[in-house]
Amino acid sequence: MRIFEEMESEVRGYIRSFPAIFDTAVGSQMFDEHGNRYIDFFAGAGSLNYGHNNPAVKEAMIEYLQHDGVLHGLDKATVAKKQFLQKFRDTILAPRNLEYKVQFTGPTGTNAVETALKLARMVKQRSNIIAFTNAYHGLSMGSLAVTGNAFYRDESYGVRANSAFVPFDGYMGKDFDSMAYLRRLLSDQSSGVDLPAAIIVETVQGEGGIHVARDAWLQELQAICREFDILLIIDDIQMGNGRTGTFFSFERAGITPDMVTVSKSIGTGLPMSLLLMRPELDQWKPGEHTGTFRGNNLAFVAATKALEYWDSPDFAEGIAHKGRLFEDGLNAIVDRHGEAQGELRGVGMVWGIDFANEAFAGSVSEEAFNRGLIIETAGANGQVLKFLPALTIEEELITEGLAIIDEAISSVLAKGRKLRAGRLA
Ligand SMILES: Cc1ncc(COP(=O)(O)O)c(C=O)c1O
């Protein structure tokens, strides 16, 4: 680890939570330089829904490289991009009756968010954007302004202008109607909240701690957006690509957002981001919003191959089935360890246990890593243990991974008891 400590910036994060030098990875398993195996319940923060080195995707990429396919294309037309657009239209958009135009933005998620916010402001000629408590939309300046957590949003960065935050579904408890509150803010000209160009929302907040918006809440949000002439942007960067059970996470609510940001797993681990927009919103002049890395052709090849998973309903059925295995397994774990006071939340293949003691999830993640399982924390204070496995994970690995979690929780609880007993003695 010395070279990393010596040379790499202090900003490094996951390397500290998972202190191993990883070498190879296949499916839902990673191996370090000494050959130690780790089950992966983190999946590259949701970028590896199809697993590490998915064999079909890998083969398509090797073939493309071997025939000297164009790698870097700016936004030129290439065969790889043509095939991606055709596949995306035929397999994803058309069967869902969605008629979005596709914009290739810079390669990371935050690039897609920046693009959406800029376009919304341009089209509506308003600067304000409404976002939600606990939102996470990326860390470049525009995205940061609609991201909630103060850990990232230092006041001195001066990026907090032109955004307002409203309670997400459930933030104020079950009885608080945050949509009624939003409607009041928008209709009262003395509320102090400017009419926004757009409202940006995750249907399930990932980094914010696995908060699942109810369908009715999302429907009401769409209705309010339409009533007040506000664009609805769904940030599907983490919850899209099948994470919640359907390709887009908003499908369950039957809504049609004006714009959708897509990234992470669309490129199967390679950088790639898209902004989907209703055709009439596509008001860019040619080249007006540009960038050098909008044509990651190897990612297009990988994405086109991975979209074949959506050719049959089997894949979505598999997600539902494995999602239930997680739900049942985690419910049993939460019940068994009542002392930890965990609350389980989630849908599809994204689950979180919110622990009463804020440091608990971090300790469980550490204990799990020592036992060969990679799992992250989320939430305002890292209090949520976050389950984000590949959608292709084998059932045996789910069972094995959940057993490790069970043991890790037992171990953290036992240590806590010992510490308390020591203090009393
Ligand atoms: C919902 C959401 N939006 C945007 C982003 C930012 O993506 P990136 O880290 O690729 O810039 C993330 C990353 O976790 C995310 O979860």
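Ala 43 is tucked away from solvent in this predicted model: its relative accessibility is just 1%, so it counts as buried. The residue belongs to helix α3, which covers residues 43-46. Its backbone is worth a look too, with a positive phi of about 50° even though Ala 43 is not a glycine. As background, most residues other than glycine have a negative phi.

Asn 97 also shows a positive phi, near 55°, and again this is a residue other than glycine. The setting here is a loop, the one between α5 (79-93) and β4 (101-104). Asn 97 has 70% relative accessibility, and because exposed means over 50%, it falls in the exposed class. A positive phi turns up as well at Gly 372, at about 90°, just after α12.

Helix α12 itself runs over residues 360-370, and its buried residues are Phe 360, Ala 361, Val 364, Ser 365, Glu 367, Ala 368 and Phe 369. In an α-helix there are 3.6 residues a turn, so residues three or four places apart point the same way. Another helix, α13, spans residues 395-424 and holds Leu 402. With a relative accessible area of 10%, Leu 402 is under the 20% cut-off and therefore buried. Between Leu 402 and Met 277 there are 39 Å in space, C-alpha to C-alpha, and the two are 125 residues apart in sequence.

Next come the enclosed spaces. Rolling a probe the size of a water molecule over the atoms shows where empty space is left. The search turned up 2 cavities of 30 Å³ or more. The largest cavity has a volume of about 40 Å³. Its lining includes Phe 104, Thr 105 and Pro 107, along with Pro 271, Met 272 and Ser 273. Phe 293, Arg 294, Gly 295, Asn 296 and Phe 300 also line this cavity. By class, the lining of the largest cavity has 6 nonpolar residues, 4 polar and 1 charged.

The second largest cavity holds about 30 Å³ of space. Around it sit Ile 333, Val 334, His 337, Ala 340, Gly 342, Ile 353, Phe 355 and Ile 409. Helix α11 (314-336) and strand β14 (350-355) are the elements that each give two or more residues to this lining. There are no charged residues in the lining of the second largest cavity, which splits into 6 nonpolar and 2 polar.

Among the open sites, the second largest pocket has a volume of about 490 Å³. Its lining is made up of 18 residues, and those nearest the centre are Asp 169, Gly 170, Tyr 171, Lys 174 and Val 212. Strands β9 (211-212) and β13 (342-347) each supply at least two of the lining residues. The class tally for the second largest pocket is 7 charged, 6 polar and 5 nonpolar residues.

Tyr 171 comes up again on the surface, where it joins Met 172, Phe 176 and Tyr 181 in a nonpolar patch. Together these four side chains' residues offer about 400 Å² of accessible area. Tyr 181 is part of helix α8, residues 178-187. Its relative accessibility is 36%, so Tyr 181 counts as partly exposed.

Note on methods. Residues numbered from 1 in each chain as written. Predicted model: local features only at pLDDT ≥ 70, side-chain atom pairs only at ≥ 80, totals over all residues. Heavy atoms only, no water. 1 Å grid on protein atoms, 1.4 Å probe; cavity = no way out; pocket = protein on both sides within 12 Å on 5 of 7 lines; lining within 4 Å. Points joined across faces, edges and corners; volume = space filled by probe spheres on them. Helix = DSSP H or I, 4+ residues; strand = E, 2+ residues; numbered from the N terminus. Nonpolar A, V, L, I, M, F, W, Y, C, P; charged D, E, K, R; others polar. Patch = residues over 30% accessible without salt bridge, like charges linked within 9 Å, V, L, I, M, F, W, Y side chains within 5 Å. Areas by Shrake-Rupley, 256 points an atom, 1.4 Å probe, with all protein chains shown as cover. Buried < 20%, exposed > 50% of the residue type's maximum accessible area, 1.4 Å probe, protein only.
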